Amino acid sequence: MSGIDSLPPLREVIAKHDLAAKKSLGQNFLLDLNLTAKVARLAGDLTQCDVLEIGPGPGGLTRGLLAEGARRVLAIEKDPRCMPALAGIAAAYPGRLHAINGDALTVNPLEHLSKPIKIAANLPYNVGTELLVRWLTPPEWPPFWDSLTLMFQREVAQRIVAAPGSKAYGRLALLAQWRTDPKIVMDLPPEAFNPPPKVNSAVVHLTALPAPRYPADPGTLNKVVAAAFNQRRKMLRSALKSVSPEIEDHLTAAGIKPTERGEQVDLEAFCALARSLHKS
Ligand code: SAM
């Protein structure tokens with residue numbers, strides 16, 4: 001018995017299924033089930049929601065999500081060695097856990113989930129940012145999910161919530177803050193994981209806004225922001241030259257000094273610039 005459910009403690013599960021952590025899969029496991037239940041609670045009330053979990057591993061967070069009452073959990077795990085452990089959890093929560101052995105970058109979760117949907121994960125570092133960018137840039141907004149509760153390296157978490165003028169401010173902050181309300185809601189030291197990573201971690205909670213904070217064409221905004229931060233030390237009039245030959249006029253129309261750098265410009269001004277470019 002583990003405290004949050006009737007299943008064995010995670011150390012026993014890992015030993016039984018021989019789940020020595022693989023670095024290539026970004027495996028740093030959370031073994032304290034009280035902690036995983038706490039992370040699950042950060043996702044809010046789960047009782048009326050389906051939850052998508054990426055990278056359940058031996059199932060610590062999965063068990064937290066189920067113990068906290070998630071209606072259903074779809075867990076996508078790349079490592080086939082974890083599947084027997086996940087099958088044990090599915091048996092303890094009949095009809096509530098569907099575990100798929102596959103790559104989160106290729107499985108379509110919508111074939112298996114019903115709205116409302118929340119996403120919760122201790123993401124593998126090698127695909128974490130790519131998945132977040134995908135969830136933030138769907139073809140239509142609002143997206144299929146209501147909120148994201150994601151564990152990242154602390155440095156990535158800081159890039160998501162960063163304000164203009166800070167070193168961490170860039171494309172990820174602008175993408176996230178344009179259409180969600182992102183907050184760092186928990187810090188975790190390396191010792192919370194097995195094996196301990198070299199860096200600190202943090203949980204970020206992002207709530208999808210019903211509509212973007214400021215109007216802008218998504219493709220144009222994405223292009224401008226990518227170009228502005230591709231050469232972040234350059235003044236915008238040269239960093240954005242490739243976007244439009246009349247970039248100085250567009251910058252001025254948006255209230256941005258052409259000599260400014262991307263890291264000094266806030267989201268509202270970037271959206272104004274995207275609108276001016278899109279109009280022309
Ligand atoms: N959720 C578990 C926990 O908190 O203890 C494990 C988290 S561990 C940081 C990341 C997990 O993602 C590993 O189990 C790893 O095998 C899995 N993973 C890595 N790449 C993946 C991918 N492309 N698709 C699905 N799972 C992946």
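Helices and strands are taken here as DSSP runs, numbered from the N terminus, with at least four residues for a helix and at least two for a strand. Keep that in mind during this tour, which moves through a predicted model.

Begin in the loop that runs between β8 (193-194) and β9 (201-208), and select Pro195, which has its place there. The bond that joins Asn194 to Pro195 is a cis peptide bond, with omega at about -5 degrees.

Next, go to the loop between α5 (125-136) and β6 (147-153), where you will find Pro142. Show Trp141 together with Pro142, and look at the peptide bond from the one to the other, which is also cis, with an omega near 5 degrees. Most peptide bonds are trans, and most residues other than glycine have a negative phi.

With that second point in mind, select Asp18, in the loop between α1 (10-16) and β1. What is the phi of Asp18 near? The value is positive, near 55 degrees, in a residue other than glycine.

Now turn to the ligand, which takes up the space of the largest pocket. There are 21 residues around the ligand, and the ones to select are those that come nearest, namely Leu30, Gly55, Glu77, Asp103 and Asn122. Colour β1 (29-30) and β3 (72-77) as well, since each of these strands supplies at least two residues of the shell. If you colour the shell by residue class, you should find nine nonpolar, seven polar and five charged residues.

Stay with the ligand and look for its polar partners, one at a time. A polar atom in the side chain of Asp103 lies 2.9 Å from a ligand nitrogen atom, and a nitrogen atom of the ligand also lies 2.9 Å from a backbone N or O atom of Ala104. On the side chain of Asn122, an N or O atom is 2.8 Å from an oxygen atom of the ligand. Taken alone, the ligand exposes 590 Å², and the protein buries 99% of that.

For the last stop, look at the aromatic rings, among which the count comes to three aromatic pairs. One of them is formed by Tyr169 and Phe229, which meet edge-to-face, with 5.9 Å from centre to centre and 85 degrees between the planes. This pair links distant parts of the chain, 60 residues apart, with Tyr169 in the loop between α6 (154-161) and α7 (171-179) and Phe229 in helix α8 (residues 218-230).

Key
Residues numbered from 1 in each chain as written. Predicted model: local features only at pLDDT ≥ 70, side-chain atom pairs only at ≥ 80, totals over all residues. Heavy atoms only, no water. Near = heavy atom within 4 Å. Polar contact = N/O pair within 3.5 Å; in protein donor to acceptor, adjacent residues only side chain to side chain. Areas by Shrake-Rupley, 256 points an atom, 1.4 Å probe, with all protein chains shown as cover. 1 Å grid on protein atoms, 1.4 Å probe; cavity = no way out; pocket = protein on both sides within 12 Å on 5 of 7 lines; lining within 4 Å. Sits in = over half its atoms within 2 Å of the grid points. Nonpolar A, V, L, I, M, F, W, Y, C, P; charged D, E, K, R; others polar. Phe/Tyr/Trp six-rings, centres within 6.5 Å; stacked < 30°, edge-to-face > 60°.
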